[in-house]
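Open the model in a viewer and keep the sequence panel beside it. The stops below go from the chain as a whole to single side chains and back.

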Amino acid sequence: MRILVIEDEQKLGQALREGLEVEQYGVALAHTGEEGFYRVLTESFDLVILDVMLPCRSGVEILASMRQHGFKTPVLMLTARDTVDDRVRGLDAGADDYLVKPFAFPELLARVRALSRRGIGETSPRLRVGDLEVDVIGRSVTRGGQALELTAREFELLEYLVRHQGHVVSREMLTRDVWKEAGRHTPLDNVIDVHVARLRRKIDDQFDHKLVHTVRGVGFVVREEQD
Ligand code: CA
């Protein structure tokens, strides 16, 4: 599997290349959008990791050009801020998934694995657990076909839990990866617990099979309950 990383920040680009190579991916690194676009045109890749904030032509423009030229290669966008604008523009231009900087490397690997499992041409990646479906691009959630209304934070929390389904997620992980406050001194535990409780009311209360489970002293896990 060959991955093209288009990232102008030298250190980050290098770190991504080394990390992905450890996982046995073939990696090419481009430092500008033009160079990246040229390589897309002339070489063959299974996945493109594309930074939005690039000098001259932005990642969104590069992506739009790729799609106009008929390249269906899955694209994982790296956005600097989790603004709706950035995300919507990237998704409108044809991104398959996105990741907000700063991110933890295992998070990137999980996205890369998910995208590499998907067939080319399948547009919206949906995460599923039981009868719950999370549309990460459209930012919508259904359970048993019924739409659920979540706040932005609840959605991020659910998306994170579902991406880690079957694995226990600690409050430290949520602080770092969902709240993006790794450096804070006072724990966010109460805030997190309140959000998990609200999420649970929306996701589980009216259903027999519970999906969000508390693991005492550790954190939370999303999994389908067996009968
Ligand atoms: Ca950049």
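Two strands are taken as paired if DSSP finds at least two bridges between them. The model is predicted, and that pairing rule is what the first stop rests on.

**Stop 1: the sheet**

Select β6, β7, β8 and β9. These four strands form an open sheet in that order, with antiparallel pairing. Colour 126-129 and 146-148 separately: these are β6 and β9, the edge strands, each of which pairs on one side only. From one strand to the next, the twist averages 25°.

**Stop 2: β6 and β7**

Now keep β6 and residues 132-135, which make up β7. The two strands run antiparallel and are joined by four bridges. Which residue of β7 stands opposite R126? Show the side chains and find D135 there.

**Stop 3: the helix across the sheet**

Add residues 152-163, helix α6. The helix lies across β6, β7 and β8, the last of these being residues 140-143. Relative to β7, α6 runs at about 115°.

**Stop 4: two domains**

Zoom out and colour 2-121 as domain 1 and 126-222 as domain 2. The C-alpha centres of the two domains are 26 Å apart. Their contact draws 12 residues from domain 1 and 11 residues from domain 2.

**Stop 5: the interface**

How much area is buried between domain 1 and domain 2? The figure is about 880 Å², and carbon and sulfur atoms give 45% of that. Select L91, Y98 and E107: together they supply 37% of the area that domain 1 buries against domain 2, more than any other three residues.

Next, show the charged side chains. The rule finds two salt bridges across the interface of domain 1 and domain 2. As a separate selection, take R163 and D97, whose side chains meet in a salt bridge with an N to O distance of 3.2 Å. For polar contact, the count between the two domains is four residue pairs, with both residues at pLDDT 80 or more.

Finally, turn to the side of domain 1 that touches domain 2 and highlight α4 (84-92), β5 (97-100) and α5 (105-117), the elements that give two or more residues to that side. Which of the elements gives the largest share? Strand β5 does, with three residues.

Notes
Residues numbered from 1 in each chain as written. Predicted model: local features only at pLDDT ≥ 70, side-chain atom pairs only at ≥ 80, totals over all residues. Heavy atoms only, no water. Axes fitted to C-alpha atoms, helices over the stretch in contact; angles between N-to-C directions. Contact = heavy atoms within 4.5 Å. Domains from an automatic or database assignment. Buried area = accessible area lost by both parts, 1.4 Å probe. Salt bridge = Lys/Arg side-chain N within 4 Å of Asp/Glu carboxyl O. Polar contact = N/O pair within 3.5 Å; in protein donor to acceptor, adjacent residues only side chain to side chain.
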